Every structure is written in structure tokens, then in C-alpha cells.
Amino acid sequence: MIKIRFVLLCMCALLAGCASPAYYWQAASGQLEIWRKSRPIENVMADDAQPDELKQQLKLAARLREFASRELALPDNRSYRVYADLQRPYAVWNVFAAPEFSMHPREWCFPFAGCVNYRGYFSREGAEDYAATLRADGYDVYVGGVPAYSTLGWFDDPLLNTFIRYSDAQLAQLLFHELAHQVLYVAGDTTFNESFAVTVEQEGVQRWLACCGSAAERVRHAAAQAARAEFVALVRRTRERLEALYRSGIGAVEMRAEKVHILGEMRAEYEQHRDEWGAAYERFFAQELNNAQFAAVAAYSDWLQAFQALLAREGGDLARFYAAVRELAKLPKEARVARLNSFAQ
């Protein structure tokens with residue numbers, strides 16, 4: 001039944017989407033590969049050939065999965081009850097693009113998901129090939145590996161080798177984040193969806209560590225969150241400087257030179273924090289900095305403060321918070337943005 005449903009969805013996508021049949025074929029093939037490689041967790045646990053480290057992580061994931069439904073009001077379904085080893089470092093690679101002198105990312109529109117500001121590929125080669133065509137058209141482009149993605153409750157999402165060996169807090173973050181997408185998804189509003197999921201993830205991890213984490217884990221997580229806040233602030237400051245530059249109306253040659261200067265100053269500031277931030281942001285700075293990277297960060301942070309304020313308004317009650325967010329999601333986008341802005345003030 002699931003596979004029939006999937007085939008029907010793919011047929012609808014081919015008929016209604018704006019991407020090519022080849023793009024949808026790689027998406028369908030990638031999802032089918034994950035299903036083909038998925039095994040029930042109990043089978044993996046009973047397999048003597050599997051390492052003890054993996055089995056311990058699967059036990060942790062099971063505890064996190066139970067906690068998510070019991071304590072965070074996240075969906076209690078078949079997601080994250082099976083395991084798949086994809087034998088690659090990421091589940092998908094997302095391609096982001098933005099014009100050379102604009103912070104507004106390019107969007108791609110798909111059935112069910114609506115318009116989003118990235119395009120995903122199940123192979124790095126496919127992502128890089130598409131990125132090359134965008135660069136040839138003059139876009140700033142960023143290709144980022146993604147350890148997991150959500151099928152938004154349409155299918156049962158598996159645990160993957162791409163993230164199963166994360167630390168306790170990191171694994172909790174990822175599972176809570178992806179399950180949050182099953183609670184609510186607004187077609188065509190990437191920043192709303194991702195900022196909401198990050199809010200749930202952060203609240204969930206705080207609660208998990210408070211009840212079940214060690215003192216050392218809590219200290220490590222607090223340090224990681226502080227580093228993330230500093231990184232996001234650096235991205236925001238740089239983005240604001242670039243937006244002002246792009247509005248300035250100066251000539252392209254001068255604007256291009258000033259853009260290089262601003263991005264160089266951003267990299268220099270990162271170098272000052274590299275040791276205290278650890279390796280978390282090395283991949284971001286390993287590529288040539290450009291507008292597309294800022295779009296990737298903005299999606300996960302722009303409405304975070306607003307959602308956190310809304311959660312506080314609901315007294316930290318996640319069920320009430322989800323209900324309030326569902327009401328927000330019903331509003332036209334312009335009204336939704338106005339409400340979010342009012343929460344953030």
C-alpha cells in the first residue's frame with residue numbers, strides 16, 4: 001500500500017511539478033533505496049555482525065523516540081523505528097542559490113511541499129552538476145550535505161547511518177526537529193517551517209538533558225548553543241551589511257569589490273572564534289562565502305526568537321504551542337509575518 005501511494009505521488013509530481021522528469025526520477029529512486037536498505041531495529045540488534053556502538057546508539061534512539069511522544073507531544077508513529085545504512089555521509093545534498101547582488105534566495109516549486117529555497121539530490125554528483133549550471137547562470141551557489149530529511153508524515157522516516165552516531169544531544173536535536181515537521185508544515189514557507197522545528201528541537205533537548213542527561217552533557221550542549229548563537233549573530237550582521245550594499249546603487253565592479261571585502265571580514269572574525277567554536281562551522285567556511293549560504297542559515301534562525309516568545313506565552317506547554325502555531329499557519333503569509341514580528345518585539 002505504501003509503495004502504491006508513493007508511485008501515485010511521483011506521478012502527480014511528474015505531471016504538476018516544475019522540475020524535470022529526471023529530477024523526480026532521482027528523488028523517487030533515492031527514496032526507494034532508503035526503503036530497500038531499511039531493517040527493523042530488533043533485527044539489527046540481533047545481528048552479531050553489527051558493532052556494539054551502533055546497538056547502543058539504536059537503544060538511545062529508541063529512548064529518545066519514546067520521550068518525544070510522551071514528553072514533547074510529537075507524533076507517535078512508525079518513524080525512526082527502523083534503521084538504514086546508506087553507506088554515504090549524507091542522506092541528501094541541498095542546493096541553495098541567490099543572485100550575485102541579492103539576499104533573496106531562488107525558489108523551486110514542487111507538489112505537496114510548495115515553493116522552497118533549496119533543491120535536494122540523493123547524490124553529491126547530481127547536486128554539484130546542478131550547482132554548476134546555476135553558477136554558469138551567474139548565481140551564488142551553496143551545496144550542503146544534509147544528514148536527514150522529513151517526508152512530513154507521508155511515510156515512516158528511518159534512522160540513518162548519517163546521524164546515528166551523533167552525541168546524545170545532537171541525536172535528540174535531529175529526531176525532535178524532524179518529528180516537528182510532522183506536526184506542522186506550511187507549503188511554500190521554508191523559514192516558518194524550519195524556525196518552528198528548531199524551536200521544538202531546542203526546547204526538547206533542554207528537557208531531555210534536564211531529566212536524562214549527565215552534567216557533562218549539559219555543559220557541552222550549553223557551549224554548543226552559545227557558539228551557535230554567536231555564529232548566527234555573525235551571519236546576521238554580515239547579511240545586514242550586504243543588504244545595505246546591494247541597496248546602495250553603486251556600480252557592479254565597485255559593489256563586487258566591497259562584497260569581497262565584507263565577506264573577508266566575516267571570515268577573519270570567524271578565525272578569531274575557530275578554537276572556541278570547535279569544528280561545528282568549518283564546513284560552512286570551507287567553501288567560498290556567498291549569498292546562498294546566508295539563505296541556508298536564515299531559514300533556520302530568522303523566526304526563532306518569535307517562536308520562542310510564542311512558546312513562552314503559552315507557558316511552555318508544547319501542545320498549546322502547536323495549536324497556536326497551527327492557527328498562525330492558517331493566516332495569509334503577509335499576516336503571518338506581521339504576527340511573528342509582533343512576537344519577536
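## Exercises on a predicted model

**Exercise 1.** How far apart are the mean positions of the positive and negative charges of the protein chain?

*Solution.* In this predicted model, the protein chain carries 39 positive and 43 negative charges. The mean positions of these two sets are 4 Å apart.

**Exercise 2.** Determine how the radius of gyration of the protein chain stands against the globule rule.

*Solution.* Begin with the secondary structure, which comprises 14 helices and eight strands. The radius of gyration is 21 Å, whereas the globule rule gives 20 Å for 345 residues; the two values are close, so the chain is as compact as a globular protein of that length. For the extents, the C-alpha trace spans about 65 × 50 × 40 Å along its principal axes.

**Exercise 3.** Describe burial, exposed surface and contact separation in the protein chain.

*Solution.* Taking buried to mean under 20% relative accessible area, one finds that 50% of the 345 residues are buried. The chain exposes about 16600 Å², of which carbon and sulfur atoms supply 54%. Among contacts with a separation of 6 or more, 72% join residues 24 or more positions apart.

**Exercise 4.** Which residues touch the most other members of the largest nonpolar core?

*Solution.* This core has 57 residues, and those with the most contacts to other members are Leu-74, Leu-159, Phe-176, Phe-196 and Phe-321. Helix H6 (residues 168-183) gives the most to the core, with nine residues. Another core, of 21 residues, lies apart from it and includes Met-103, Phe-231, Met-255 and Met-266. Turning to Phe-321, and leaving out residues up to four places away in sequence, its contacts are Phe-196, Thr-199, Val-200, Phe-307, Leu-310, Leu-311 and Glu-314.

Notes: Residues numbered from 1 in each chain as written. Predicted model: local features only at pLDDT ≥ 70, side-chain atom pairs only at ≥ 80, totals over all residues. Heavy atoms only, no water. Helix = DSSP H or I, 4+ residues; strand = E, 2+ residues; numbered from the N terminus. Rg over C-alpha atoms; globule rule 2.2 N^0.38 Å. Buried < 20%, exposed > 50% of the residue type's maximum accessible area, 1.4 Å probe, protein only. Contact = heavy atoms within 4.5 Å. Areas by Shrake-Rupley, 256 points an atom, 1.4 Å probe, with all protein chains shown as cover. Lys, Arg positive; Asp, Glu negative; His and termini not counted. Charge placed at Lys NZ, Arg CZ, Asp CG, Glu CD. Core = buried A, V, L, I, M, F, W, Y, C linked by side-chain atoms within 4.5 Å.
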